Amino acid sequence: MTEAERFLAQNGELSRRFFLSCGVAGAVAGSSFPVVTADPIPSELTPAIEKLESYFTDPDKFGDVSRGNPIPHSLSEEKRKAVGLTRETWKLEVISDPENPASLGRSLTKKDGTAIDFPALLKLGEKHAVRFAKVMTCLNIGCPLGMGIWEGIPLRVILWLTQPRENLRRVFYNGYHNDDPKQIFRSSLPVGRILEDPDDIPPITVCYKLNGEWLSPERGGPVRVIVPEGYGFKSVKWLTHIVLSNLAHANDTYANANNDIDSPLKTFAATLSVPSGVKANQPIPITGYAQVGISGLTKVQVWVSPAGKGWAADDPYFTTAPWSDAHILAPPAKWGGQLAGDTVPNETMGFGPKGKPNKWPMRLCKAHWAALLPGLAAGEYTLRCRTIDAKGQAQPMPRPFKKSGRCEIEATKLIVEA
């Protein structure tokens, strides 16, 4: 059985629950067109499904928006050793904020010989290690850079080593940036988020592995922060310093560019494959992905309309358009990402003992979808896709603002030839 055939076989129940049987084999110019849906998934979707990207991303295929001049991962091996960016030389300092001090029993510093080194971090991992799946997305780009299984220890484990007593409200952290104060990129979180994980979200993690392998310099190694529900700027690379502060508010570098630094991952859909050279009156297979944000995912929907067709000014998000449900694909048989044995590691959060997800789609991850558009008359059309989250909210709601993460409804040009 091929990968696509397995998808088709396993999605019968999904399609029965989610899909509207509203297809037509053709359309009248000037109208909006629903999508042909069926139960089971139409066989015409098989070739497109077989070409889908892998669920997890190979570590060397992640998109890269690293900062620094030069970018720290581009430094020579000798230089990275000298500045503490190898597993043999890495050290992490944890101190009280000198301007807004938290009351600590001890600091962890290189000067005192108490900074945490890599062997000490792994020793903590013997008891406290966690691993979980997360999609990595930049706040302002709008498409995931990659998705993987991240492994490390909860940041709170390190925080408690400092024996905090009082006046601790916020935790700042930054990585190495060429010993240049002007290049330091830092992020922060309220201490409550570090100490406790709301709604079964994985912990804020000091991470040293991706997909079962040591973090490469390109992915922020030897050690980085991972904020499961956050955008990429919260998951600072090349971690070297943690500052425990009594400051009551965020003071993140990313706030300086008019960004919303507290907004968690959003749910949205986008296309992956839309065929070209489509002939009139022939069904059109399309595929895509949905980023499953903090609000979850229940549906992906699509809608095709003639290009240039106007829409009501008082309905900018097309809430009254004739959207139709697409097929949300089942968990893959092959996960990708260069996982050992193509198997999800044991004790990965959100997965059962046999490496199967406990719920699907998984929050803070992605899901693939597919749909079969009806045969259309020759002409130019606009294909749109959107998500419906677990609370019944249609994309781009409830947070449509770009500075809190891009989630506008994607519009793709579709040309049907005579």
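**Exercise 1. Cysteines**

Cysteine 365 counts as buried because its relative accessibility is 0% (buried means under 20% relative accessible area, exposed over 50%, partly exposed in between, with a 1.4 Å probe and protein chains only). Before we go on, a note on the model: it is predicted, so local features need pLDDT of at least 70 and side-chain atom pairs count only at pLDDT 80 or more, while totals for chains, interfaces and linings use all residues. Residues are numbered from 1 along each chain as its sequence is written, and side-chain values use heavy atoms, with hydrogens and water left out.

Task: find how many disulfides there are, and place cysteine 143 and cysteine 365 in that picture.

Solution:
- Step 1. Apply the rule: a disulfide is a pair of cysteine sulfur atoms within 2.5 Å. The count comes to zero.
- Step 2. Check cysteine 143: the nearest cysteine sulfur belongs to cysteine 138 and is 8.9 Å away, and cysteine 143 is in no disulfide.
- Step 3. Do likewise for cysteine 365: the nearest cysteine sulfur is that of cysteine 207, 14 Å away, and again there is no disulfide.
- Step 4. Add the surroundings: cysteine 143 has 34% relative accessibility, so it counts as partly exposed, whereas cysteine 365 is buried at 0%.

**Exercise 2. An open sheet**

Task: work out in what order the strands of the open sheet of four run, and which are its edge strands.

Solution:
- Step 1. Take the strands as DSSP runs of E with at least two residues, numbered from the N terminus (helices are runs of H or I with at least four). Two strands pair if DSSP finds at least two bridges between them.
- Step 2. Read off the order, which is 13-15-19-18, with antiparallel pairing.
- Step 3. Look for strands that pair on one side only: these edge strands are strand 13 (268-273) and strand 18 (327-328).
- Step 4. Zoom in on strand 15 (residues 284-291) and strand 19 (residues 366-373), which are antiparallel and joined by eight bridges. Threonine 287 has alanine 370 of strand 19 as its bridge partner.

**Exercise 3. Around strand 20**

Task: trace which strands are joined to strand 20, and say whether it is enclosed or open.

Solution:
- Step 1. Strand 20 (residues 379-388) runs antiparallel to strand 21, with seven bridges between them. One contact to look at is leucine 383, whose bridge partner in strand 21 is threonine 412.
- Step 2. Strand 16 also runs antiparallel to strand 20, and eight bridges join the two. Here proline 306 has tyrosine 381 of strand 20 as its bridge partner.
- Step 3. Count accessibility: eight of the 10 residues of strand 20 are buried, so the strand is largely enclosed by the rest of the structure.
- Step 4. Follow strand 21 (residues 410-417) onward to strand 14 (residues 278-279): the two run parallel, joined by two bridges. Lysine 279 stands opposite glutamate 417.

**Exercise 4. Aromatic pairs**

Task: classify the geometry of the pair phenylalanine 185 and tyrosine 254, then that of tryptophan 303 and phenylalanine 318.

Solution:
- Step 1. Rings of Phe, Tyr and Trp (its six-membered ring) pair if their centres lie within 6.5 Å; planes under 30 degrees apart are stacked, over 60 edge-to-face, and the rest tilted. The whole structure holds 18 such pairs.
- Step 2. For phenylalanine 185 and tyrosine 254, the centres are 6.0 Å apart and the planes at 80°, so the pair is edge-to-face.
- Step 3. Phenylalanine 185 sits in the loop between strand 7 (170-175) and strand 8 (186-190), and tyrosine 254 in the loop between strand 12 (239-245) and strand 13, so the pair ties together parts 69 residues apart in sequence. Phenylalanine 185 is buried at 8% relative accessibility, and tyrosine 254 is buried at 9%.
- Step 4. Tryptophan 303 and phenylalanine 318 make a tilted pair, with 5.3 Å centre to centre and 55° between the planes. Tryptophan 303 belongs to strand 16 (residues 299-306) and phenylalanine 318 to the loop between strand 16 and strand 17 (324-325), so this pair ties together parts 15 residues apart. Both tryptophan 303 and phenylalanine 318 are buried.
- Step 5. Finally, find the cluster that ring pairs build from Tyr55, Phe56, Trp335, Phe351 and Trp360.
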